[in-house]
Amino acid sequence: MFHILVVDDDKHTRMLIKAILENASYTVTTANNGREALDVLDLTHIDLVVLDIMMPKMDGYEFTKTLRQANSTLPILMVTAKILPADEKQGFLVGTDDYITKPIDEDKLLFRIKALLRRAQIVNEQKIVIGDVTLDYNSLTVSRKNEVQQLPQKEFLLLYKLLSYPGKIFTRIQLMDEIWGLDTETGWETVTVHIGRLRNRFKSWDEFEIETVRGLGYKAVKKV
């Protein structure tokens, strides 16, 4: 259920890493360079970045330095063809958390990612608490006191996204791209259907509400 951003200007490498990670049950978003990656981070919750160094517009060093200067602790794993000790040293100096070289060793890549996620204690942070209500990202459950509801994946991710940013307006297109992916053939009407299901499921729960913002999209409002 973790969301990983893969940043590499080489399409083949980008797709290879994406396939490896998705096969390991991660959600993956890709970007061609550091600037695109920053745009993704503005719109999407990301748990870890897998990052190339040599890229146009903004390389991996500059991207990492930019995040660290903004006090971001987002885990970064550099995966690069630059094999000299000086290159690795530069990576750690600008703030990367780990560094492996190409060609990609699938097992090593997955082991390093698991270690970084564990080190960041992300597993223990994947919850939203609103009064007596707890959303548990790892079990896809929403609970209140002794009541526990197991949600279908898309419904849970939609609710989790909205409640992660209470008061923020998301368009239907943004939610489609985030939850269903950029390549989905499903129409944006699906978002409306899932919002309706969530409202019906939690209509008697006073702790939060999903509001429609006419002409724009949806936002979640915490009531406690």
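## A buried glutamate

A residue counts as buried when its relative accessible area is under 20%. In this predicted model, E207 has a relative accessibility of 9%, and therefore E207 counts as buried. The residue lies in the loop that runs between helix 8 (189-201) and strand 11 (208-213), so that a reader who follows the chain meets E207 after the helix and before the strand.

What does E207 touch, once residues up to four places away in sequence are not counted? The residues in contact with E207 are I130, V133, R144, V221, K222, K223 and V224. With one of these residues, R144, there is also a polar contact, in which the side chains of E207 and R144 are joined at 3.3 Å.

## The parallel sheet

Another part of the model holds an open sheet, which is formed by five strands in the order 2-1-3-4-5, with parallel pairing. Its edges are strand 2 (27-31) and strand 5 (98-101), each of which pairs on one side only. If direction is ignored, neighbouring strands of this sheet are turned against each other by 20 degrees on average.

Within this sheet, the pairing of strand 3 (residues 48-51) with strand 4 (residues 76-80) can be followed in detail, since these two strands pair in the parallel sense over three bridges. Along this pair, V50 stands opposite L77, a residue of strand 4.

## A cis peptide bond after strand 5

Beyond the edge strand, the backbone has a feature to look for at a proline. The peptide bond that leads from K102 to P103 is cis, and its omega angle is near 5 degrees. P103 itself is placed in the loop between strand 5 and helix 5 (106-119).

## Two lysines with positive phi

Where in the chain is K57 placed? K57 belongs to the loop between strand 3 and helix 3 (60-69), and its phi angle is positive, at about 70 degrees, although K57 is not a glycine. With a relative accessible area of 60%, K57 is exposed, because a residue counts as exposed when this value is over 50%.

A positive phi is also found at K145, which is a residue other than glycine and has a phi near 55 degrees. K145 sits in the loop between strand 8 (141-144) and strand 9 (147-150). Is K145 buried or exposed? Its relative accessible area is 68%, and K145 is therefore exposed.

Conventions. Residues are numbered from 1 along each chain as its sequence is written. This is a predicted model: local features need pLDDT of at least 70, side-chain atom pairs count only at pLDDT 80 or more; totals for chains, interfaces and linings use all residues. Side-chain values use heavy atoms; hydrogens and water are left out. Two strands pair if DSSP finds at least two bridges between them. Helices (H or I, at least four residues) and strands (E, at least two) are DSSP runs, numbered from the N terminus. Axes are lines fitted to C-alpha atoms, for helices over the stretch in contact, and angles run from 0 to 180 degrees between N-to-C directions. Buried means under 20% relative accessible area, exposed over 50%, partly exposed in between (1.4 Å probe, protein chains only). A polar contact is a pair of N or O atoms within 3.5 Å; within protein, one must be able to donate a hydrogen and the other to accept it, and residues adjacent in sequence count only if both atoms are side-chain atoms. Contact means heavy atoms within 4.5 Å.
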